[in-house]
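This report describes selected features of one protein chain, from single residues to helices, charged pairs and internal spaces. The sequence and structure are shown first.

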Amino acid sequence: MKLAFISLVGLLLSGQSFGAPNKCVSPQPPPVTHKKPNFVVILTDDQDQLMNSLDYQPYVKRHFIDEGTSFTKYYTTSAMCCPSRVSLWLGQFAHNHNVTDESRPHGSYYKFQAGHLDDSWLPVWLQEEGYSNHYIGKFINGVNKDNTVAPKGWDHFEPLVSPGIYNFTNPIFSLNGGPLEAFPGVYQTDLILNKSLARIDALVEKKKEGDNPFLLVISPTAPHDEIQEDGTFTPPVPADRHKHLFPDAKVPRTPNFNPAVQDKVGWIGDLPLLSPLQVEEIDHHYRQRLRSLQATDELVDSVVKKLAANDLLDNTYLVYTTDNGYHLGQHRLFAGKQTPIENDINIPFIIRGPGIAKKQIKTNPATHSHFPATVLDLAGIKRPTNLDATSLFDPEHTESFNVEFWSNQFTEGSSKLKNKKNSYKALRLISQKHDLYYSVWCTHEHEFYDMKVDPYQLTNKYPAADRKLLDRLDALVAVLHDCKGEVCKFPWRTIHKDGQ
């Protein structure tokens with residue numbers, strides 16, 4: 001391991017390929033057809049990539065993994081619902097769209113509206129090119145009985161409304177800013193499925209009038225925790241037909257699960273070992289998450305079959321993804337997200353459709369900010385100039401991006417830990433030759449991991465790292481800290497004016 005680390009330092013300090021556009025691992029972009037494609041996005045909430053949740057979804061495997069391309073190095077750059085979801089639709093990092101929290105004053109739908117972010121975002125860009133856009137399910141926090149007005153760009157906007165967003169058996173909806181409609185006793189994901197199938201039927205009828213392309217977003221809350229009236233987080237509630245599944249499932253006991261030696265910084269470094277009772281609770285939480293995803297898996301099957309039955313699959317791109325990841329026991333963390341550890345930021349992203357390779361795994365790095373450029377390219381629509389990222393299929397993309405967070409942490413489940421300082425700027429730098437994580441915390445602490453030799457982030461190499469290497473990483477963090485547009489895409493062009 002020591003020799004590998006020294007070799008890496010030598011490579012980075014020599015400047016060989018470090019930060020150069022990464023052309024060798026990009027998938028080739030599929031051809032744009034003369035007929036504008038449709039898009040169907042299934043967007044879950046808090047779904048993990050690294051605790052194997054996808055292994056428990058056979059229909060996702062059948063219809064997405066086996067029929068499309070999985071991007072295994074796909075990330076959210078802010079591991080929390082509101083900033084992540086806004087980045088998904090704007091193609092900007094949180095420090096640019098400025099929705100940085102879940103609630104006011106720095107986050108929520110109110111913050112989104114105050115910034116007029118729906119004046120120019122993916123739904124509007126698509127609508128201007130003849131698309132009809134449809135949204136069903138969870139949007140972001142702050143959609144409540146006093147604020148159901150639909151954002152610009154949606155022809156059909158049917159979001160879950162608080163307090164029915166995080167209640168699996170008492171969902172509340174509003175259609176295009178209209179009156180609230182509650183469905184007591186109806187399982188939320190099943191209702192979203194029925195609404196989605198009805199919307200596809202309506203779109204099929206509309207297509208009889210002309211070739212009108214569409215974007216349909218289906219966003220169930222699972223496997224997010226349920227939130228009680230007093231604000232308590234409890235494990236998600238599965239449908240009755242799934243509540244007894246997976247009785248022996250446990251959180252994977254990876255090396256970073258409740259480690260005997262803790263080598264983290266800040267409040268995470270101060271965490272005690274989880275007790276046997278806490279580990280039991282975490283395993284129950286994990287089973288409830290898997291169970292709640294079964295209705296989502298059935299939704300996937302029904303939606304794909306409905307599209308196929310109406311001859312829509314051949315000209316439709318389907319995406320399966322989530323807003324952020326999740327931790328359960330890793331690094332002694334109880335339940336939640338918000339940290340820069342890999343469990344919280346590395347998330348599922350699978351795409352299938354015309355020209356997309358089947359049963360393929362791609363490891364070129366990408367983030368939610370890459371999504372708008374990807375959709376626009378596939379639709380044959382010119383990208384706006386203010387995007388912070390390229391397309392997933394762009395042959396020229398950078399290796400690095402920032403992960404950022406500004407709020408205090410909160411822990412979900414029964415843990416009482418909260419309000420710890422959790423502001424940081426982290427850097428992920430990924431290519432065929434190197435896979436690095438570097439972070440700078442508001443507590444003036446740092447972390448550095450070579451993920452190729454330490455994928456579970458167990459040994460912080462910062463104290464012993466070469467100072468010249470750290471200076472170079474600090475320069476990259478500084479450029480990405482408040483980057484915009486082209487600087488975010490190609491930060492080394494700012495550091496090295498010759499572009500090398």
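His-116 has a relative accessibility of 51% and therefore counts as exposed, since the cut-off for that class is over 50%. His-116 is located in the loop that runs between α5 and α6 (122-127). From His-116 to Lys-306 there are 190 residues in sequence, and their C-alpha atoms are 35 Å apart in space. The model is a predicted one, and the values given here are computed from it.

**Salt bridges**

The structure contains 27 salt bridges. Three of these pairs are set out below.

| Pair | Closest N to O distance | Accessibility |
|---|---|---|
| Lys-337 and Asp-46 | 2.7 Å | Lys-337 buried, 4%; Asp-46 buried, 0% |
| Lys-73 and Asp-435 | 2.9 Å | Lys-73 buried; Asp-435 buried |
| Glu-205 and Lys-208 | 2.9 Å | Glu-205 partly exposed, 45%; Lys-208 exposed, 63% |

The side chains of Lys-337 and Asp-46 meet in a salt bridge. This pair joins distant parts of the chain, 291 residues apart: Lys-337 belongs to the loop between β13 (335-336) and α10 (342-345), and Asp-46 to the loop between β1 (38-44) and α2 (58-65).

Lys-73 and Asp-435 likewise form a salt bridge through their side chains. Here the partners are 362 residues apart, with Lys-73 in the loop between β2 (69-71) and β3 (74-75) and Asp-435 in strand β19 (residues 435-441). In addition, a network of salt bridges links Asp-45, Arg-85, Lys-138 and Asp-323.

**Two helices**

Helix α11 (residues 371-379) has nine residues, eight of which are buried, so the helix is largely enclosed by the rest of the structure. The buried residues of α11 are Phe-371, Pro-372, Ala-373, Thr-374, Val-375, Leu-376, Leu-378 and Ala-379. After α11 comes Gly-380, which has a positive phi near 70°.

Helix α12 (residues 467-481) comprises 15 residues and, at 1.5 Å a residue, should span 21 Å; the C-alpha atoms at its ends are 20 Å apart, which agrees. At the N-terminal end, α12 is capped by Asp-466, which places a side-chain oxygen 2.8 Å from the backbone nitrogen of Lys-468. Buried positions in α12 are Leu-469, Leu-470, Arg-472, Leu-473, Leu-476, Val-477, Val-479 and Leu-480. An α-helix has 3.6 residues a turn, so residues three or four places apart point the same way.

**Pockets and cavities**

The largest pocket holds about 700 Å³ of space. Its lining consists of 30 residues, and those nearest the centre are Asn-141, Ser-162, Tyr-166, Ile-227 and Phe-233. Two elements, α5 (108-114) and β9 (226-227), each give two or more residues to this lining. By class, the lining of the largest pocket has 10 nonpolar, 14 polar and six charged residues.

The second largest pocket holds about 440 Å³. Of its 21 lining residues, Gln-49, Leu-50, Glu-342, Asn-346 and Tyr-456 lie nearest the centre. This lining divides into six nonpolar, 10 polar and five charged residues.

Four cavities of 30 Å³ or more are found in the whole structure, and the largest cavity has a volume of about 70 Å³. Residues lining the largest cavity include Phe-93, His-370, Asp-388, His-397, Phe-401 and Lys-489. Strand β17 (400-405) and helix α13 (486-489) are the elements that give two or more residues to that lining. Leu-480, one of the buried residues of α12, is also among the residues lining the largest cavity.

Terms used. Residues numbered from 1 in each chain as written. Predicted model: local features only at pLDDT ≥ 70, side-chain atom pairs only at ≥ 80, totals over all residues. Heavy atoms only, no water. Buried < 20%, exposed > 50% of the residue type's maximum accessible area, 1.4 Å probe, protein only. Helix = DSSP H or I, 4+ residues; strand = E, 2+ residues; numbered from the N terminus. 1 Å grid on protein atoms, 1.4 Å probe; cavity = no way out; pocket = protein on both sides within 12 Å on 5 of 7 lines; lining within 4 Å. Points joined across faces, edges and corners; volume = space filled by probe spheres on them. Nonpolar A, V, L, I, M, F, W, Y, C, P; charged D, E, K, R; others polar. Expected span 1.5 Å × (residues − 1). Polar contact = N/O pair within 3.5 Å; in protein donor to acceptor, adjacent residues only side chain to side chain.
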